[in-house]
Amino acid sequence: MPIAKRRNLVTRARQDRLIGLLVRDGDWATAATLADAVGVTPRSIRSYVTAVNARVAPGVAIESGPLGYRAGSEAAAALRTAGTDAGTPRDRLHTLVRALLDAPDGIDVFEFAERLHVSPATLDADLARVRGLLGGTELTLERSSSTARLRGTEMAQRRLLSRLAHDEMDAGSFDLAALRRTLGEDSVGAAAFGPFKSDLVTELGSMGYFVNEIGIADVVMHIAIAADRVAQDRALESGATDARPAQQEIAALLDRLARRDLGVDLGAGDLQHLATLVLTRVVAPGDEAPADQARARLDPEIEAAVRDVVGTASAEFLVDIAHEDFILRLALHVQNLQHRAREQAWSRNPLTRSLKSTYPMIFEVAVFVASRLQERLGIPLPDDEIAYIAMHVGGRLERSRRADHLLTATIVCPGYYDLHELLRSSVDRSLGQAIEVVGVETRVDPDWASIDTDLVLTTIDPVTPADRIVKIQPFLTDADIERVQAAAGRIRRSRRLARLREELERYFAPSAFVRGLEAAASAGEEGVIRMLGAALIAQGVIDEDYVARAIEREALSSTAFTDALAVPHAIGMTATRTSIAIGIADPAIAWGDGRVQVVALVAFSETDREAFQTVFEQFVEVFSERDSVQRIVRRATDFGGFLDELVAVIDG
């Protein structure tokens, strides 16, 4: 491929990444911040903005202002045009794969290059990219003279189509247009995102199933692929095993809806396969299902493994998740996951990134559970599947949240009939999930100094204003509720960060601070982990085994919890004492699927088990704010500067 053309394609890919970042975050971002995320200069960002806006002129895809750039009204349209240019690598790749799948005897490489208006060398490069897509699909790409062909089972070919559709989802929102780009504009199955999906959800609900809306689009995509392939006489062969009653029931439903909504007669093999997908990816028994009914559906080996792993995780992280209902629900999920693993039919989870950045501690518990289940049951678990486990963990922790997590409050309301009781009732009703009223002062001259609750909600002016004192009306208004919630949020944050500051100052050391990770980053994440690990080994905090386990943990799921911060660490608190090695990268370095500017290798000791949650979650919270990251990275030229800036950010 000519150098100029290759450069243009790289530039187009970076422009698409820029739009994707702005659409995802939905907020203003400076050119410097975006440059770090994309891996270019601020000047390039400005030129990319001009080029992207030209795609949708006279509309605006990216707005500019004093605060930088943010997604405009036509940003989604700009994303959709990312794959419609016949010259872009993604569009050519999809066209090429579609042609290979539609031609059992192969395609003529030279004729196809002419059809796409590219050179044979460019098409050879595209064929190399096709080979890169084939890992895990059990397909092979054969080349004989001018003919290229795919070899493999029908199921393997469908996995490849699924991978292409997911590639479209990664580039933007998954919609009907994305499916049509993958299956072809004339695809029978593309209609599945219309009446078929809504009818399927309605019918499954009437059958007593709880429908997982996160997974339904992914399964309907598989149904669309099946309908398209069956219409081309590419049906799956029927399996030899007898179907369970539930599978037969779902198969009959799919058969009826496919005939009515898609005009396709799915065969027994496809119905059996798709019914299994529905049962293992989309539905679960309703909340009213008794425990013994759930257990009857469980493999005893899986239930025992989940029970042991949950108990270990509960003790390791000091989290309250060892509950019977949680264990049974998670075991059912893991059993379904095992079925998906056998068919390599993984579930995508659109919440993976937000779960990781917003709830790092919950995600870490999920990674621990996933790693132990992988050891016990031999199930490989990609990030999206770990995110589903994190949703189970988060749901359990939300249910078991203790009342002592609430802030206490005193109401100051001078007595007039039962006005103070009415006010207390209103506060309990509107704010009961955030605060607990433990006292009511009805005097017009209360002893303000003696009120020691977290918040004071008063209908009269205090002697001395304070952050914890909130003025409210005798009859609670929406504005009052918002002010109390804001004050409660500020208090919680200040307390969390105060604890973090106290912990961090004990764990950092000047000898474990590195500015400039570019050389180590040339060897990938492992190179950076080894560099920072060497500093902790020199302190006698960890050994080589800890570094090796941190690299293994990184392979399970990227520790890039925000767009700027990675927190590599080993599973297991085996350090002699808790310590953190810090690395600063300016510009950003590649990490996982993104780029980061701060890498914190954390080593926890057994004695600091309780501090783990505080440090882990709040440290990630500090580095989730773009302005804070940029301030720390730009000014932290040495360890003293880093600590000063970090403390300044924490103190607000």
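**Aromatic ring pairs in the predicted model**

In this predicted model, Phe513 is buried, its relative accessible area being 14%. The residue takes part in the aromatic pairing of the structure, for which a search of the whole structure returns 7 aromatic pairs. In one of these, the ring centres of Phe513 and Phe642 are separated by 5.6 Å and the planes meet at 40°. Because planes under 30 degrees apart count as stacked and those over 60 as edge-to-face, the pair of Phe513 and Phe642 is classed as tilted. The contact joins distant parts of the chain, with Phe513 located in strand β12 (residues 508-515) and Phe642 in helix α27 (residues 639-651), 129 residues apart. Phe642 is likewise buried, with a relative accessible area of 0%.

A further aromatic pair is formed by Phe561 and Phe616, with a centre-to-centre distance of 5.3 Å and an angle of 80° between the planes, an edge-to-face arrangement. This pair also links distant parts of the chain: Phe561 lies in the loop between α24 (544-556) and β13 (565-566), whereas Phe616 belongs to helix α25 (residues 609-622), the two being 55 residues apart. Phe561 counts as buried at 1% relative accessibility, and Phe616 is buried with a relative accessible area of 2%.

Ring pairs also extend into a cluster, which comprises Phe508, Phe513, Phe619, Phe623, Phe639 and Phe642. Both partners of the tilted pair, Phe513 and Phe642, are among the members of this cluster.

Terms used. Residues are numbered from 1 along each chain as its sequence is written. This is a predicted model: local features need pLDDT of at least 70, side-chain atom pairs count only at pLDDT 80 or more; totals for chains, interfaces and linings use all residues. Side-chain values use heavy atoms; hydrogens and water are left out. Rings of Phe, Tyr and Trp (its six-membered ring) pair if their centres lie within 6.5 Å; planes under 30 degrees apart count as stacked, over 60 as edge-to-face and the rest as tilted. Helices (H or I, at least four residues) and strands (E, at least two) are DSSP runs, numbered from the N terminus. Buried means under 20% relative accessible area, exposed over 50%, partly exposed in between (1.4 Å probe, protein chains only).
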